[in-house]
There are 2 protein chains.
Amino acid sequence: MNDLVTSTDLASEADEPKTLAEAAYRQLRRDIIEGVHRPGEKLRVEHLKDQYEVGAGTLREALQLLVTDALVVAQGQRGFRVAPISLDDFADITRTRVLLETSALQQSIELGDDTWEANVVAAFHMLSRAEDKLVDGAKGTREEWELRNRAFHEVLISACPSRWIRHFQNILYHQSERYRRLSLFRQPIPRDVHAEHQAIVDAALARNSAEATRILSDHILRTLDAVRQLPADFIS
Amino acid sequence: MNDLVTSTDLASEADEPKTLAEAAYRQLRRDIIEGVHRPGEKLRVEHLKDQYEVGAGTLREALQLLVTDALVVAQGQRGFRVAPISLDDFADITRTRVLLETSALQQSIELGDDTWEANVVAAFHMLSRAEDKLVDGAKGTREEWELRNRAFHEVLISACPSRWIRHFQNILYHQSERYRRLSLFRQPIPRDVHAEHQAIVDAALARNSAEATRILSDHILRTLDAVRQLPADFIS
DNA sequence: ATAATCAAAAATCTCGAGAAAAGTTGTTGA
DNA sequence: TCAACAACTTTTCTCGAGATTTTTGATTAT
């Protein structure tokens, strides 16, 4: 049932890294998203090439790839640094996500076939299971939940034929994931997220486009409100 | 009057290239957009490094930067090639542009101040002048028109506070520009584009958001219809 | 004490050569 | 004649050292 979903992103993602540069890229991306490298931190090639066990030029390429995702900024002749964060930026990311994701969902609902429906309920089921394990608080369950949450949102819009919207949505998801992890967001669990997901699934399967996009919109925007109520030194 | 506009893109663009890699990147981008390197064409590093007079590693970096703009695709261990084109892709690009650009215009109309209005009329004036010269058919006037057309569309949404929307819109504009130049589109001039631009300006200054976005939407989508009526070997 | 100037140090950027992989051609055997 | 295998050529990928640029720290003059 898993392989119903086929990854057709612009930057093909799913498969194994075929080159050292790409491997370093993925490790670096993971470390940045998880906050190992702090926002605004300078990324010195000479220092990192040992840590990631690649040559200088190779690491350089990995950094360039991260510029694509806007997780790293390159400044002229002054090297690289981790993209800074701000509340304004997160608000921007969230609103843009709403714009893209609602449009994508609308098209998905319009065009999705039986297989899409099956994928949606399957992904929702996986996510629900992950939520059950989450209350126990065992280690690694949070990681699992993040993955399945991402998969759920991805499957929802998987029937949207626009590769560009999915591409941009993908970038924004990485961005907001960074904010989510960086913030004290590691709090217990998001609110009654389960009910919201359930409502989205119901509306989607009922082909109620207006309702589904409305709920999804609220769902995404709620994370913005949550971050707004965080301590001010969040920007770090 | 010109410096009213401040470039605040994610990937800062306006200034001079500060590095060899970036210089090569811009030349390559220009050549790809103008069709010097055809869609699907293989981009061999060994051959291009002489042509652009940089080292192999440097050219490699330039190619990576182009992957960001989705003008070049990198395949695992099999080098780079110019991103292929298709009618479906162009349709996708155009529709996504409509989604982003109308949203941006709506916010611009809502938030734009006097300076924004001044920039809009100024850019429109520059564009109109370029159209006048265009009928003479002197060389280089087409280039000038493209630049000012781009500037006009950029200024229109310049009051949109979302850096992300402007960033994505920027990428898509490059993409559609490639299609426009690649196609036989070099035809006389787009239709009565002037009247459409005029109508957009009027609606924007009247703060008639619904009207302005409707016209802009039609305006962008019309280019899609034009391409649809091109010979089939357009995909080349 | 503050500001400007200049030299040392660190980091980035660039390059060409060597290692690994992919693609091509020619040969052998059924 | 066709398919499979092997050696060769081409291309990509990787690495470390040298050249430029930026940054830091100390010195001097106002």
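A backbone N or O atom of A:L43 lies 3.5 Å from a phosphate oxygen of DNA strand C, which just makes the list of polar contacts (pairs of N or O atoms within 3.5 Å; within protein, one must be able to donate a hydrogen and the other to accept it, and residues adjacent in sequence count only if both atoms are side-chain atoms). This is a predicted model, so local features need pLDDT of at least 70 and side-chain atom pairs count only at pLDDT 80 or more, while totals for chains, interfaces and linings use all residues. Residues are numbered from 1 along each chain as its sequence is written, chains are lettered from A and ligands numbered from 1 in the order in which they are written, and side-chain values use heavy atoms, with hydrogens and water left out.

**DNA strand C**

- Around DNA strand C there are 19 residues, with A:R60, A:G76, A:Q77, B:L20 and B:G55 the closest; a residue is near a strand or molecule if one of its heavy atoms lies within 4 Å of it.
- Of the atoms of DNA strand C that come within 4 Å of the protein, 95% are sugar or phosphate.
- Both chains reach phosphate oxygens here: a polar side-chain atom of A:R60 lies 2.4 Å from one, and a polar side-chain atom of B:T19 lies 2.8 Å from one.
- β1 and α2 (45-51) of chain A, together with α1 (20-33) of chain B, each give at least two residues to the surface near this strand. Helices (H or I, at least four residues) and strands (E, at least two) are DSSP runs, numbered from the N terminus.
- By class, that surface divides into 6 nonpolar, 7 polar and 6 charged residues. Here Ala, Val, Leu, Ile, Met, Phe, Trp, Tyr, Cys and Pro count as nonpolar, Asp, Glu, Lys and Arg as charged, and the others, Gly among them, as polar.

**DNA strand D**

- DNA strand D also has 19 residues around it, and A:L20, A:G55, A:R78, B:R60 and B:G76 come nearest.
- Sugar or phosphate makes up 95% of the atoms of DNA strand D within 4 Å of the protein, and bases make up the rest.
- A:G55 uses its backbone, with an N or O atom 2.7 Å from a phosphate oxygen of DNA strand D.
- Side chains join in too: an N or O atom of the A:R78 side chain is 3.2 Å from a phosphate oxygen of DNA strand D, and for the side chain of B:R60 the distance is 2.4 Å.
- The elements giving two or more residues to this surface are α1 (20-33) of chain A along with β1 (42-43) and α2 (45-51) of chain B.
- The class split near DNA strand D is 6 nonpolar, 7 polar and 6 charged.

**Salt bridges**

- Side chains of opposite charge can pair when their charged atoms come close.
- Over all chains, the search turns up 35 salt bridges, each a side-chain nitrogen of Lys or Arg within 4 Å of a carboxyl oxygen of Asp or Glu.
- A:R222 and A:E196 form one at 2.9 Å, N to O. This pair links distant parts of the chain, from helix α9 (residues 209-228) to helix α8 (residues 193-205) of chain A, 26 residues apart.
- A:R222 is partly exposed because its relative accessibility is 37%, whereas A:E196 is buried at 9%. The cut-offs are under 20% relative accessible area for buried, over 50% for exposed and in between for partly exposed (1.4 Å probe, protein chains only).
- B:R97 and B:E101 meet at 3.2 Å, N to O. They sit 4 residues apart in helix α4 (residues 87-111) of chain B, so about one helical turn separates them.
- Both ends of that pair are tucked away: B:R97 counts as buried at 7%, and B:E101 counts as buried at 1%.
- B:E146 bridges to B:R180, with the closest N and O atoms 2.9 Å apart. That pair connects helix α6 (residues 141-156) and helix α7 (residues 163-182) of chain B across 34 residues, and both residues are buried.
- Shared partners join A:R30, A:E34, A:E143, A:E177 and A:R181 into one salt-bridge network.

**Chain A fold**

- Chain A has 9 helices and 3 strands.
- Buried residues are 49% of its 236 residues.
- The 3 strands make an open antiparallel sheet in the order β1-β3-β2; strands pair if DSSP finds at least two bridges between them.
- β1 (42-43) and β2 (72-74) of chain A are the edge strands, each with a single partner, so one side of each has no neighbour in the sheet.
- β2(A) pairs with β3 (residues 80-82) of chain A over 3 bridges, and A:V72 stands opposite A:V82 in β3(A).
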